[in-house]
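Here is a short set of questions and answers for anyone who likes to see how a label is earned. Have a look at the structure, and let's go through the reasoning together.

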Amino acid sequence: MKAEMTMAKIQKIESEIKITVIGTGYVGLVSGTCLSELGYTVYCIDKDEEKIRKLQSGYIPIYEPGLEELVRRNVENGRLNFSTDLASAVSDTTVIFITVGTPNAPDTGRPNLSYMQSAIKELALLMTEYKTIVIKSTVPIGTAREMKALMANLNLQANFGIVSNPEFLREGHAVYDFMNPDRIILGFEDDVLKSNLDINNLNDPKSHSKTIMEQIYAPFSTKNVPILNTNLESAEVIKYTANSFLAVKIAFINEVANLCEKVDGNIETIATALGLDPRIGPAYLKVGPGFGGSCFPKDIQALVALGNDYQVPQTIVEAAMHSNETRKLQMIDKIISACRGTVDKKKIAVLGLSFKANTDDIRDSPAIPIIKGLQAAGADIVAYDPVSMSVAKLFLAHIEWAKDIEMALKGVYAVVIATEWPEFSRLDFDLLAAKPVIIDLRNLYEPDKMLKKGINYHCIGKKS
Ligand code: UGA
């Protein structure tokens, strides 16, 4: 018999929300910590015992400004717990966020849902009373509905609601983004979407998921953050299309930058002008060596694959995907041409390995293929990054690893700025005995000032 939901119990849930977060990767760790900061008791669960042991001892496995302090504070006040014990967490909580990884399979480009399926299978064995299951991982359209069916098949008695609640956290700003969202998207099953809590039908789990989610995010709705309730599929589409749209914007501005280099335009003035049109907006119009990270490349690839599945090709996103691949090759050519047509046996410093500043993440970082391309053309590479070198060492070979910027710049023929770490924008190239060629793939310097200093400087999308 399905567990009964009494009014007293609903009120208890609302006053003492307790949350299980399955998966302590990037999204799970940040979301779980921030939910505890909002005042809820949170159990962050992971199968990786070593990781949980480290988290329990205060070690944060990712570089994310502000996170360590927040974890410490909430562990100390007892609201944030790390454990491998899913059963105990589930029995003590009503809301379960699933934040497991969904990496794309290399051969198909489609997200691998095996971690999500395992989470549902394990949960199915633990469903003795009502739970709201919230999918926060980025998943293909239709996944929430599929997971609902999987749960219902595995446990006919399971009493639950399913919610799609995509995240919009940027690495390096994730704590800020969680605590200051532009919007919160909540996808519900169609009948839940239409329902209001029916106090005469307290056994209907559908209304509860909506009530509980609204309660969880109440600290934001009181600050007028838009909360958009929609159906499960729309919530899933919103996540993919938000990332895809931003990726298209970047690919677009990078291609316009190529044009600027030919026609003597200035990409920064152009981006500012475009951004001043409120219909376009200024964000994600910064030129660079191409977008990377664990999200944009993966999500656009997944959207393209999904479009093909349904025979509705997503050609614009597909073009952005190809444009971004080409971008890295263009950067290699640009560097070689700045080095008078050859990098063979020339020592080149690459500053920045992470896919952007404020993260140690090198996944799909443009710096990696650029380094490999330069090595293939005969260059000797010395590399420096303030936080990501230990990870980068696993993916790059035959590199001289500099312990600081000074060491990286010593005696090099050229310097490539690949990541916009703030410290790379304060370099005094005047102090270097030999004047290296500077190829600034993040436009951190003013070409005029560099010219006056007699520095052979190359940037993107404007005269240098
Ligand atoms: C991105 C989205 O911005 C988040 O909203 C989303 O939650 C996240 O993916 C995700 O799906 O989990 P993130 O991958 O951390 O966040 O990185 P962004 O800061 O968006 O930058 C992505 C890439 O675009 C970087 O390589 C960055 O250098 C590049 N970029 C960004 C540009 O080249 N130009 C810009 O103007 C902005």
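Q: What makes the pair formed by asparagine 243 and the ligand a polar contact?
A: This is a predicted model, and in it a polar side-chain atom of asparagine 243 lies 2.7 Å from an oxygen atom of the ligand. The cut-off for a pair of N or O atoms is 3.5 Å, so the pair qualifies.

Q: Which backbone atoms lie by an oxygen atom of the ligand, and how do you know that they count as polar contacts?
A: A polar backbone atom of leucine 285 is 3.3 Å from a ligand oxygen, and a backbone N or O atom of phenylalanine 355 is 3.2 Å from a ligand oxygen. Both distances are within 3.5 Å, so both pairs count.

Q: How much of the ligand does the protein cover?
A: On its own the ligand has 710 Å² of accessible area, and the protein covers 92% of that.

Q: Which elements give two or more residues to the shell around the ligand?
A: They are helix H12 (232-263) and helix H14 (296-309). The largest share, 3 residues, comes from H12. By class, the shell has 9 nonpolar, 2 polar and 8 charged residues.

Q: Why is threonine 20 called buried?
A: Threonine 20, found in strand S1 (residues 18-22), has 0% relative accessibility. Buried means under 20%, so the label fits. Leaving aside neighbours within four places in sequence, threonine 20 is in contact with residues including Tyr43, Leu86, Val95 and Phe97.

Technical notes: Residues numbered from 1 in each chain as written. Predicted model: local features only at pLDDT ≥ 70, side-chain atom pairs only at ≥ 80, totals over all residues. Heavy atoms only, no water. Polar contact = N/O pair within 3.5 Å; in protein donor to acceptor, adjacent residues only side chain to side chain. Areas by Shrake-Rupley, 256 points an atom, 1.4 Å probe, with all protein chains shown as cover. Helix = DSSP H or I, 4+ residues; strand = E, 2+ residues; numbered from the N terminus. Nonpolar A, V, L, I, M, F, W, Y, C, P; charged D, E, K, R; others polar. Buried < 20%, exposed > 50% of the residue type's maximum accessible area, 1.4 Å probe, protein only. Contact = heavy atoms within 4.5 Å.
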